[in-house]
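Open the model in a viewer with the sequence panel showing. The stops below each give a selection and then say what is found there.

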Amino acid sequence: MTLEGKVAVVTGSGRGLGLAYAQELARQGASVVINDVDADTAADAVASIEAAGGRAVAVVAPVGPTSTAEELVRTAVDTFGGLDILVTNAGVLRDTVLWKMSDDDFDTVVNVHLRGTFTCARAAASWMREHEVAGRIICIGSPTGQRGNFGQTNYAAAKAGIVGMVRTWALELKRAGITVNAVIPVAATAMTATVPYFAAAVEADEKGEAMPAFFRHDLGFGTSDDVAGLIAYLASDDASGVTGQAIGIGGDRLQVWSHPEPVFTTYHEGGWSYESLREEFPEVAAERQQSVGESFPPLPEELRR
Ligand SMILES: NC(=O)c1ccc[n+]([C@@H]2O[C@H](COP(=O)([O-])OP(=O)(O)OC[C@H]3O[C@@H](n4cnc5c(N)ncnc54)[C@H](O)[C@@H]3O)[C@@H](O)[C@H]2O)c1
C-alpha cells in the first residue's frame with residue numbers, strides 16, 4: 001500500500017467528499033484523523049474505516065479557529081505518531097446575491113473555508129517543518145473560485161483565496177520538500193444534490209446506477225469516490241514533483257487549471273492617462289474581455305427533470 005505508515009488529517013470528513021477522501025487514504029494504508037462539527041457523522045466515518053481494517057480517530061470541532069487546527073495536529077501526533085498529509089475540505093454554503101448577503105453570511109463562509117484552510121495549513125506546515133517531514137498539503141477549491149458564480153460572493157472569495165494561498169505556500173514550503181496543491185472537485189453530495197441541472201445524475205446515483213455519460217464525461221460530474229483517487233495520489237511519494245497546481249477532477253474528467261496570465265500586454269510611452277485609455281482601450285478590449293462564470297451545455301432532452 002502506497003500510504004502505509006503515513007498519517008493524514010482530513011477536515012469536514014464526516015460525510016460527502018471528505019469522507020470519501022478519508023476512506024481512500026485509509027484504504028491506501030494511512031491512519032486518518034476524521035474531523036467534523038457533526039459528532040454522529042464523525043463517529044460513523046471512524047467506524048466505516050475501522051470496519052474496513054483501517055485506523056481512524058475523530059476530532060469533533062469547528063474548523064476556523066487556531067485552537068481546532070492545533071488540536072487536529074496534536075491528535076495526529078499523539079494518536080498515530082506524526083503528520084504527513086493535510087486535506088482542508090470542511091465547508092459550508094450561504095448562497096445569495098451580493099445585495100442580499102449579510103455580514104454573517106460572508107463571515108461564516110470565509111471563516112470555515114478560507115480561515116480554516118489558513119489555520120490548519122499553518123499548524124500542519126509548522127509541525128512538518130520542525131520535524132523535517134516532506135509532507136503533503138491538499139486544499140479544496142471550487143469551480144466557483146476559479147471563474148465566479150451567481151449568488152456565491154462569499155464562497156467565490158474564499159475559494160479563490162485558497163488557490164492564491166496554495167501558490168504562495170508552494171513557494172514558501174518548497175525547500176522543506178512539502179508539496180501544496182489545490183483540488184477543484186465536482187461531485188454529487190449534499191452540497192450539489194439540490195441543483196436541478198444535476199437531478200438526473202443524482203437520481204441515478206441514489207438508485208445505485210451509473211451516472212449518464214453526459215454528466216460523467218461532458219460535465220466532469222460523478223461521485224465522491226471519483227475524486228478520492230486524486231487526493232491519495234497527491235498525498236503519495238509518487239507525486240513529490242507536483243506542487244503549486246490547481247487540478248480539477250470529477251466523473252471521468254481530470255483537468256489542470258491554468259494560473260492567471262496576462263492575455264495581452266501593450267505599452268504607452270509615459271504611462272496611461274484617462275485620455276489615452278479612452279482612445280486605445282476599446283480596441284485593446286474589443287476581443288480580449290474574459291468570460292466569467294461556468295458555461296454548461298444544454299441538458300439533452302432525456303436528462304431534463
Ligand atoms: N460537491 C461538489 O461538487 C463540490 C464542488 C466544489 C467544491 N466542493 C468543496 O468540497 C468540500 C466538501 O464538500 P461536500 O460537497 O462534500 O459538502 P458536504 O456539505 O457534504 O460536506 C461538508 C462537511 O463539512 C462539515 N463541516 C462544515 N463546517 C465545518 C467546520 N467548521 N469544521 C469542520 N467540519 C465542518 C459538514 O458537517 C460536512 O460533513 C467543500 O470545501 C466544498 O466547498 C464541493
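Select residues 246–250, strand β7, in this predicted model. Four of the five residues of β7 are buried, so the strand is mostly covered.

Keep β7 on screen and add residues 179–185, strand β6. The two strands run parallel and are joined by four bridges. To see how they line up, pick A182, which stands opposite A246 of β7.

Now add residues 253–256, strand β8. Four bridges also join β7 to β8, but this pair is antiparallel. Label I249 and L254: the latter, in β8, is the bridge partner of the former. Between β7 and β8 the hairpin has two residues, and G251 there takes a positive phi near 55°.

**The whole sheet**

Colour the strands and step back. In what order do the eight strands of the open sheet lie? The order is β3-β2-β1-β4-β5-β6-β7-β8, and the pairing is mixed. At the edges stand β3 (55–60) and β8; each has a single partner strand, so one side of each is left without a neighbour in the sheet. On average, neighbouring strands of this sheet are turned by 20° against each other, direction ignored.

**Strand β4 and its partners**

Select residues 85–88, strand β4, together with residues 7–10, strand β1. These strands pair in the parallel sense over three bridges. Two residues of β1 are worth labelling with their counterparts in β4: V10 has V87 as its bridge partner, and A8 stands opposite I85.

Turn to β5 (136–140). Strand β5 is joined to β4 by four bridges, and the two run parallel. Here L86 of β4 has I137 of β5 as its bridge partner.

Show the side chains of β4 next. In a regular strand the side chains alternate between the two faces of the sheet. Are the two faces of β4 covered or exposed? Both are covered: I85 and V87 on one side, and L86 and T88 on the other, are all buried.

**Helices on the sheet**

Select residues 39–51, helix α2, which packs on the sheet and touches β2 and β3. The direction of α2 makes about 175° with that of β3. Then select residues 153–172, helix α6, which also packs on the sheet, touching β5, β6 and β7. The direction of α6 makes about 155° with that of β6.

From α2, move into the loop between α2 and β3 and pick A52. With 11 other C-beta atoms within 10 Å, A52 is exposed, because a count of 12 or fewer is the condition for that class. Leaving out residues up to four places away in sequence, A52 touches A26 and R27. A distance to draw here is A52 to Q23: 8.8 Å from C-alpha to C-alpha, for a separation of 29 residues in sequence.

**The nonpolar core**

The largest nonpolar core has 81 residues. Those with the most contacts inside this core are A8, A22, L25, V32, A124 and I231. Helix α4 (residues 103–130) gives the most to the core, with nine residues.

Centre on A22. Apart from neighbours within four places in sequence, A22 is in contact with V10, S13, V32, I34, A45, I49 and A56.

Next, pick N111 in helix α4. Is N111 buried, exposed or partly exposed? N111 has 18 other C-beta atoms within 10 Å, short of the 20 that would make a residue buried and over the limit of 12 for exposed, so N111 is partly exposed. Beyond four places in sequence, the contacts of N111 are G64 and G116. The C-alpha atoms of N111 and V92 are 9.8 Å apart, and the two residues are 19 apart in sequence.

**Around the ligand**

Finish at the ligand. Of the 29 residues around the ligand, G12, G16, G91, T189 and M191 come nearest. The elements that give two or more residues to this shell are α1 (16–27) and β2 (31–36). Which element gives the most to the shell? Helix α1 does, with three residues. By type, the residues of the shell divide into 13 nonpolar, 13 polar and three charged.

Key: Residues are numbered from 1 along each chain as its sequence is written. This is a predicted model: local features need pLDDT of at least 70, side-chain atom pairs count only at pLDDT 80 or more; totals for chains, interfaces and linings use all residues. Two strands pair if DSSP finds at least two bridges between them. A residue is near a molecule or strand if its C-beta atom, placed from the backbone, lies within 6 Å of it. Ala, Val, Leu, Ile, Met, Phe, Trp, Tyr, Cys and Pro count as nonpolar, Asp, Glu, Lys and Arg as charged, and the others, Gly among them, as polar. Axes are lines fitted to C-alpha atoms, for helices over the stretch in contact, and angles run from 0 to 180 degrees between N-to-C directions. Two residues are in contact if their C-beta atoms, placed from the backbone, lie within 7 Å. A nonpolar core is a set of buried Ala, Val, Leu, Ile, Met, Phe, Trp, Tyr and Cys residues joined through C-beta atoms within 7 Å.
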